[in-house]
Amino acid sequence: LSVPISYYLILSALLFGLGVAGFFFRRSAVSMLLSVELMLHAVSLTLVTFSHAFRELDGQVFGLFIIVIGAAHAVLGLAIAAAVFRSRAEFHANRSTGEEW
Amino acid sequence: MYQLFFFLFAAAAIGFGASMVAQRNPARGAMSLAGVAASLASLYLFLGAEFIAVVQLFHAVAIAVLFLIAIRTLGAGERGQDRRRGRSPRLGVPVLIVLAGILVSIVYHQVPAESTVRFGDFHGVTAGIGRRLFLQYLLPLQALPILILVAIIGMVAFVQRKPGSHA
């Protein structure tokens with residue numbers, strides 16, 4: 001009737017690996033931001049799992065902090081993406097062919 | 001029954017995550033990320049973290065809407081089909097599989113098998129979280145608004161910048 005702690009940790013490790021894969025394999029900046037969000041979610045799951053394992057609430061508090069940091073990250077990342085996208089006509093930093101968004 | 005639900009939500013999380021990584025359309029990727037977050041929120045309920053679960057749900061929906069608006073505004077949905085291949089999938093996929101295998105084996109060998117999660121085992125009361133936040137973690141809690149303020153100011157500065165100016 002119960003699930004071992006290690007299953008939760010393995011799930012978290014797999015999600016983190018997926019996030020790393022997305023960050024390295026996707027060329028689109030928006031997809032890379034999404035992958036970083038996935039990694040943040042995976043770490044949050046680990047913290048909450050250990051919070052349960054040690055019967056302490058600190059892990060949940062840090063999970064809350066991670067959620068706030070994830071929101072700030074998404075806002076700033078999207079703003080940078082928008083700024084680069086709009087000024088790309090004269091920017092050409094990445095020798096862009098117009099396909100990486 | 002409980003195990004069934006765990007594997008259901010775990011499979012949903014992995015499936016949504018894989019679809020997010022495999023997806024060429026960033027808009028569908030954003031929706032998949034919301035799916036991952038919703039599955040994880042259900043798992044948080046099993047871990048006795050009701051408050052985090054609810055916050056996670058709202059955060060996931062908000063982030064998905066933010067990404068969709070940004071993609072729509074940038075017109076990346078049509079343009080951004082991300083046709084080019086990744087940096088080095090031929091090298092990256094084996095490295096990634098090895099990394100995941102190492103992680104899984106470490107977790108499997110280090111965590112004692114008798115430590116299990118049972119529904120209702122541990123009840124993370126919201127009042128307890130609040131007490132920790134305002135007593136033990138007061139400084140990080142007060143630093144977070146500064147972080148959010150910096151993020152808001154940065155967003156406004158980036159978005160308002162004219163394409164030609166370098167200010």
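I'm calling a residue buried when its relative accessible area is under 20% and exposed when it is over 50%, with partly exposed in between. One caution before I start: this is a predicted model.

**Chain A, overview**

By that cut-off, 62% of the 101 residues of chain A come out as buried. I then looked up the secondary structure and found 3 helices and 1 strand in chain A. Going along the sequence, I read the order as β-α-α-α. I also checked the contacts in chain A with a separation of 6 or more, and 49% of them are between residues 24 or more positions apart. For the surface, I noted about 3,700 Å² exposed by chain A, with 70% of it supplied by carbon and sulfur atoms.

**Aromatic rings**

How many aromatic pairs does a search of the whole structure find? I got 11 over all chains. I pulled out A:Phe23 and A:Phe24, whose rings sit 5.6 Å apart centre to centre, with 80 degrees between the planes. That pair goes down as edge-to-face. On accessibility, A:Phe23 has a relative accessible area of 30% and is partly exposed. A:Phe24 has 46%, so I logged A:Phe24 as partly exposed too.

Next I went to chain B for B:Phe5 and B:Phe9. Their ring centres are 6.2 Å apart and their planes are at 20 degrees, so I wrote this pair down as stacked. The angle decides that label, because planes under 30 degrees apart count as stacked. Where do the two residues sit relative to each other in helix α1 of chain B? They are 4 residues apart in that helix (residues 2-22), which means a separation of about one helical turn. B:Phe5 is partly exposed at 33% relative accessible area. B:Phe9, at 21%, also counts as partly exposed, since the buried class stops under 20%.

I also noted a cluster that takes in both chains: ring pairs link A:Tyr7, A:Tyr8, B:Phe6 and B:Phe7.

**Helix α6 of chain B**

Which residues of α6 (residues 126-136) in chain B are buried? I found B:Gly128, B:Ile129 and B:Leu133. They span an arc of only 140 degrees around the axis, so they lie on the same side of α6(B). On the other side of α6(B), I have B:Arg131, B:Phe134 and B:Leu135 as exposed. I then asked what the buried residues of α6(B) pack against. They pack against α3 (58-86) of chain A, along with α3 (50-74) and α7 (138-160) of chain B.

**A:Arg55**

I stopped at A:Arg55 over its backbone angle: phi is near 55 degrees, a positive value in a residue other than glycine. Most residues other than glycine have a negative phi, so a positive one was worth writing down. A:Arg55 is in the loop between α2 (29-54) and α3 of chain A. With 39% relative accessibility, A:Arg55 is partly exposed.

**B:Ser42**

Last entry. B:Ser42 is in helix α2 (residues 26-46) of chain B. Is B:Ser42 buried or exposed? Its relative accessibility is 18%, so I count B:Ser42 as buried. What does its side chain reach? I found the backbone oxygen of B:Ala38, at 2.9 Å.

Notes. Residues are numbered from 1 along each chain as its sequence is written. Chains are lettered from A and ligands numbered from 1 in the order in which they are written. Side-chain values use heavy atoms; hydrogens and water are left out. Buried means under 20% relative accessible area, exposed over 50%, partly exposed in between (1.4 Å probe, protein chains only). Contact means heavy atoms within 4.5 Å. Accessible areas come from the Shrake-Rupley method with a 1.4 Å probe; for residues, only the protein chains shown count as cover. Rings of Phe, Tyr and Trp (its six-membered ring) pair if their centres lie within 6.5 Å; planes under 30 degrees apart count as stacked, over 60 as edge-to-face and the rest as tilted. The arc is that of the directions from the helix axis to the C-beta atoms. A polar contact is a pair of N or O atoms within 3.5 Å; within protein, one must be able to donate a hydrogen and the other to accept it, and residues adjacent in sequence count only if both atoms are side-chain atoms.
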